[in-house]
Amino acid sequence: MYNPDEVFRKDVQLALFTWGILELACFVIIPFTGAYAFAQVADWLWPSLVLGPVGAVVVAFCSKLTVAANNLRDPKQKKAQRQIAQVISFFGFLGLALPLILAGWVFGREILTTDWQNKFTN
């Protein structure tokens with residue numbers, strides 16, 4: 001059996017690492033390549049800096065709840081606790097994935113609004 005506290009610690013570390021990579025890619029690397037300008041995503045930097053770590057803690061806490069459900073004897077309570085944790089963790093993943101969602105939105109909008117016919121001829 002896994003220790004719920006150990007699962008929480010490892011999941012917080014993994015989620016923060018993943019969020020940090022997404023943050024770096026979406027706010028530094030992709031704008032540096034010229035795919036879109038930093039100014040297009042600059043307003044979302046602070047919300048992302050807040051929601052990312054909060055999402056990491058929410059996801060890790062839900063992992064802890066899921067593992068802790070194994071200690072419950074009643075199968076209905078066990079299933080209910082796991083389902084509640086899965087629903088709540090979805091919102092944590094939204095916080096973690098905010099940079100990726102934002103980059104996809106900006107990049108997709110950039111692709112749709114580019115005049116591809118004249119892009120390379122001028």
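Val87, Phe90, Phe91, Leu94 and Ile101 make up a nonpolar surface patch, and together they carry about 490 Å² of accessible area. Patches here are built from residues with over 30% relative accessible area and no salt bridge, with like charges joined within 9 Å and nonpolar side chains (Val, Leu, Ile, Met, Phe, Trp, Tyr) joined within 5 Å. The areas themselves come from the Shrake-Rupley method with a 1.4 Å probe, and for residues only the protein chains shown count as cover. Within the patch, Phe91 sits in helix H3 and is exposed, at 54% relative accessible area. For burial, the cut-offs are under 20% relative accessible area for buried, over 50% for exposed, and partly exposed in between (1.4 Å probe, protein chains only).

A word on the ground rules: this is a predicted model, in which local features need pLDDT of at least 70 and side-chain atom pairs count only at pLDDT 80 or more, while totals for chains, interfaces and linings use all residues. Residues are numbered from 1 along each chain as its sequence is written, and side-chain values use heavy atoms, with hydrogens and water left out.

Helices are DSSP runs (H or I, at least four residues; strands are E, at least two), numbered from the N terminus. H3 covers residues 75-113, which is 39 residues, and spans 53 Å between its first and last C-alpha, close to the expected 57 Å. That expected span is 1.5 Å times one less than the number of residues. H3 is not straight, though: a kink of about 60° falls at Ala97, shortly before the proline Pro99. The bend at a residue is taken as the angle between axes fitted to the seven residues ending there and the seven starting there. Pro99 is itself among the buried residues of H3, which also include Gly92, Gly95, Leu96, Leu98 and Leu102. Their cover includes H1 and H2.

H1 has a bend of its own, about 40° at Ala25. With 30 residues, H1 reaches 41 Å from first C-alpha to last, close to the 44 Å expected. Its buried residues include Trp19, Leu22, Glu23, Cys26 and Phe27, and H2 and H3 are among what covers the buried set. Just past the end of H1, Gly34 adopts a positive phi of about 90°. H2, for its part, has 24 residues and reaches 35 Å, close to the expected 34 Å. Small side chains show up in its buried list, including Ser48, Gly52, Gly55, Ala56 and Ala60, and the cover over the buried residues of H2 includes H1 and H3.

The loop between H1 (4-33) and H2 (45-68) holds Ala39, and Val41 is found there too. Ala39 is exposed, at 63% relative accessible area, whereas Val41 is buried, at 1%. Both can be placed against Phe27 of H1: the Ala39 C-alpha lies 9.7 Å from that of Phe27, at 12 residues along the chain, and Val41 lies 7.1 Å from Phe27, C-alpha to C-alpha, at 14 residues in sequence. Setting aside neighbours within four places in sequence, Val41 has contacts (heavy atoms within 4.5 Å) with Cys26, Phe27, Tyr36, Leu102 and Val106.

Further along, Arg82 belongs to H3 and is partly exposed, at 29% relative accessibility. Its C-alpha is 8.4 Å from that of Val67, although the two are 15 residues apart along the chain. Beyond its neighbours within four places in sequence, Arg82 touches Thr66, Ala69 and Asn70.

Side chains of opposite charge can pair when their charged atoms come close. Searching the whole structure turns up two salt bridges, each defined as a side-chain nitrogen of Lys or Arg within 4 Å of a carboxyl oxygen of Asp or Glu. One joins Lys64 to Asp5, with 3.0 Å between the closest N and O atoms. Lys64 is in H2 and Asp5 in H1, so this pair ties together parts that are 59 residues apart in sequence. Lys64 is partly exposed, at 27% relative accessibility, and Asp5 is partly exposed as well, at 47%. The other salt bridge links Glu6 and Arg9, whose closest N and O atoms are 2.5 Å apart. Here both residues lie in H1, three residues apart, or about one turn of the helix. Glu6 is partly exposed at 30%, and Arg9 is partly exposed at 39%.
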